[in-house]
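Visitor: I am new to this structure and should be grateful for a close look at a single part of it. Please begin with one residue and its contacts, and then place that residue in its wider setting.

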Amino acid sequence: MGERLTALLGRHRDDVKTACRTGWSVLLRAGPSKIQFWFIALLIGIAAGFATLAFRHAIDFLQRALYGVDDPRMLHSFAASLPWYWILLIPIVGGLAVGLLLNRFTDDGRVCSVADVIEGAALREGRVEKKAGIASAFASLITLSSGGSTGREGPVVHMAAMISSWVSTRIQADGITGRDLLGCAVAAAVSASFNAPIAGALFALEVVLRHFAVHAFAPIVIASVAGTVISRLSFGNVTEFSLPVESSLVFYVELPAFLILGLLSGLVAVALMRAIFWADDIGNFVQEETGLPRWLRPAIAGGMLGGIAIMYPHIIGVGYETTSAALTGELVFHEVVIFAVLKAVAVAITMAGRMGGGVFSPSLMMGALTGLAFGIVATSIFPNISGNETLYALAGMGAVAAAVLGAPISTTLIVFELTGDWHTGLAVMVAVSLSTALASRLVNRSFFLTQLERADKHVAAGPQAYLLSLYKAVVVMRGKDSPGAASRDACLEMMEMGVFIEPEATLETALPIFQRTGYSFLPVVAPATDEGEATLLGALFHVDALSAYNRALAATAAEEHS
């Protein structure tokens with residue numbers, strides 16, 4: 001027995017020595033590069049934090065200049081005292097400025113958003129468009145300052161992504177490094193915007209990168225902390241919302257109510273998302289049928305917002321004053337319902353009018369109002385076994401926002417960090433889990449992924465769906481003179497039958513043709529031009545296409561599990 005124990009200890013000692021030598025070798029070989037990468041992540045976090053800080057201060061400055069309000073957080077209360085024509089005019093002028101800006105500097109007149117950042121992570125090696133992004137940042141700034149009913153998280157996330165894209169281009173980063181740097185920038189922007197470092201890091205992993213790879217965690221956390229520090233240097237260590245009393249939960253007995261609230265919140269989130277998409281479709285139809293210039297579309301939307309704001313200034317801006325009122329129970333039932341409906345309408349008009357901004361802050365307001373309405377009903381029906389109605393507002397805020405973002409983990413943490421209330425986690429988690437599960441089955445997982453799906457970019461289904469679109473036939477094909485090239489006569493015969501693909505076609509187009517026709521290869525043909533006839537370039541073989549696809553899947557799996 002003693003000999004066996006001695007031998008066992010000897011083997012463990014040898015294993016430890018081997019591990020130490022291997023670890024030291026890795027540290028010497030890869031350590032400096034890792035430290036350098038973390039230093040770059042820190043710098044990106046600082047830059048994204050300052051960009052977010054500047055954006056917030058710019059919104060406050062313009063709101064003070066346009067509305068004359070001393071405290072922008074109390075914007076709607078102050079706006080109620082302004083002349084009606086001023087409330088109507090400001091969004092119209094703001095919308096006109098946005099339309100002219102986007103018409104001049106973007107191809108489609110749309111504002112870049114979180115969906116574009118997700119697309120950049122999935123399809124563009126962590127890069128986003130910079131020229132359109134800069135125009136989008138200014139457009140969103142004007143929108144949020146002049147009465148647009150959206151949030152600031154979308155613009156700051158894309159601004160941060162532009163910073164990381166610039167760095168990735170300068171250092172010639174590969175896809176993995178580019179995505180990691182993108183995650184660092186996004187984490188810092190979210191953390192600086194909401195003073196939520198934990199949620200910022202998880203938001204970047206859960207929503208943008210859509211994986212939790214260990215290699216990405218450390219640099220993203222470093223950047224997230226840097227962004228938070230930058231924010232706290234200006235705003236202090238304060239939460240966005242202050243709850244008057246500690247929420248209470250009558251455990252076990254009250255949990256079924258939060259299950260029901262979760263389902264209701266999921267439906268509200270779906271209704272909000274579909275209202276935005278429906279309004280966008282209506283706007284596109286009207287624009288096409290009437291020939292309306294695209295630069296005028298935001299101004300018309302601004303006029304509609306101004307008309308609503310004359311009677312209900314609560315829809316102006318991100319709506320933190322109304323959200324705070326819901327979380328503190330200062331609203332009665334009929335006010336809650338009216339404000340929720342009008343906010344959904346206002347958000348749909350703003351987004352469909354191509355005015356810019358994000359959906360996270362509006363979803364927080366919608367959730368708080370939904371939760372408070374549910375809480376008022378629940379506590380009135382079962383007063384003896386119900387907790388505080390504001391707890392339902394808190395849970396509803398997290399549930400609707402999580403369903404819209406498709407991010408239950410990071411949204412739950414954002415709610416905790418926004419309010420500073422960590423004692424009601426069970427209620428929030430129950431509501432968030434049910435709302436996300438329901439909403440993800442009624443849309444393409446989230447608002448952002450549904451936006452991409454509507455643009456025919458199949459990111460929601462995962463890498464197995466979108467990787468095929470990254471490989472063009474001209475890259476994977478065998479040239480006419482390559483080893484194992486297809487017979488020229490066979491290619492010409494197939495061309496006469498109309499069976500061929502163009503060089504810019506992707507594997508997403510080619511593989512269904514292989515499956516439908518049963519051919520082992522497809523001719524790759526450059527289309528005819530004014531200067532000449534169609535030209536045979538080579539052939540794409542089915543086996544080569546599948547091999548390229550398998551390599552891409554393997555590389556993606558290795559990245560996500562490294």
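Guide: Beyond its neighbours within four places in sequence, valine 167 is in contact with Ile40, Ile44 and Leu181. The model in which these contacts appear is a predicted one. One of these partners, isoleucine 40, stands 127 residues away from valine 167 along the chain, yet the C-alpha atoms of the two are separated by 8.7 Å. Valine 167 counts as buried because its relative accessibility is 15%, and the limit for that class is under 20%.

Valine 167 belongs to helix H6, a helix that spans residues 153–170. Helix H6 also meets helix H4, which covers residues 114–123. The axes of H4 and H6 come within 8 Å and cross at roughly 35 degrees. On the H4 side the contact is formed by Val114, Asp116 and Val117, and on the H6 side by Gly154, Val157, His158 and Ala161. Sorted by character, the residues of this contact comprise 4 nonpolar, 2 polar and 1 charged.

Helix H4 has a further role in the picture, for H4 is among the elements that cover the buried residues of helix H18. Helix H18 runs through residues 447–454, and its buried residues are Phe447, Phe448, Leu449, Thr450 and Leu452. The cover over them also includes helix H8 (197–209), helix H10 (255–290), helix H13 (333–352) and helix H15 (389–405). After H18 comes aspartate 456, with a positive phi near 65 degrees.

A second valine offers a contrast. Valine 93 lies in helix H3 and counts as partly exposed, because its relative accessibility is 48%. Together with Trp84, Tyr85, Trp86, Leu89, Ile310 and Met311, Val93 makes a nonpolar surface patch of about 740 Å². Helix H3 (84–105) and helix H11 (297–311) each give two or more residues to this patch, and the largest share, 5 residues, comes from H3.

The whole protein supplies the setting for these details. It has 23 helices and 3 strands, and buried residues make up 54% of its 562 residues. Of the contacts with a separation of 6 or more, 79% are between residues 24 or more positions apart. The accessible surface comes to about 25,000 Å², and carbon and sulfur atoms account for 64% of that surface.

How values were computed. Residues numbered from 1 in each chain as written. Predicted model: local features only at pLDDT ≥ 70, side-chain atom pairs only at ≥ 80, totals over all residues. Heavy atoms only, no water. Axes fitted to C-alpha atoms, helices over the stretch in contact; angles between N-to-C directions. Helix = DSSP H or I, 4+ residues; strand = E, 2+ residues; numbered from the N terminus. Contact = heavy atoms within 4.5 Å. Nonpolar A, V, L, I, M, F, W, Y, C, P; charged D, E, K, R; others polar. Patch = residues over 30% accessible without salt bridge, like charges linked within 9 Å, V, L, I, M, F, W, Y side chains within 5 Å. Areas by Shrake-Rupley, 256 points an atom, 1.4 Å probe, with all protein chains shown as cover. Salt bridge = Lys/Arg side-chain N within 4 Å of Asp/Glu carboxyl O. Buried < 20%, exposed > 50% of the residue type's maximum accessible area, 1.4 Å probe, protein only.
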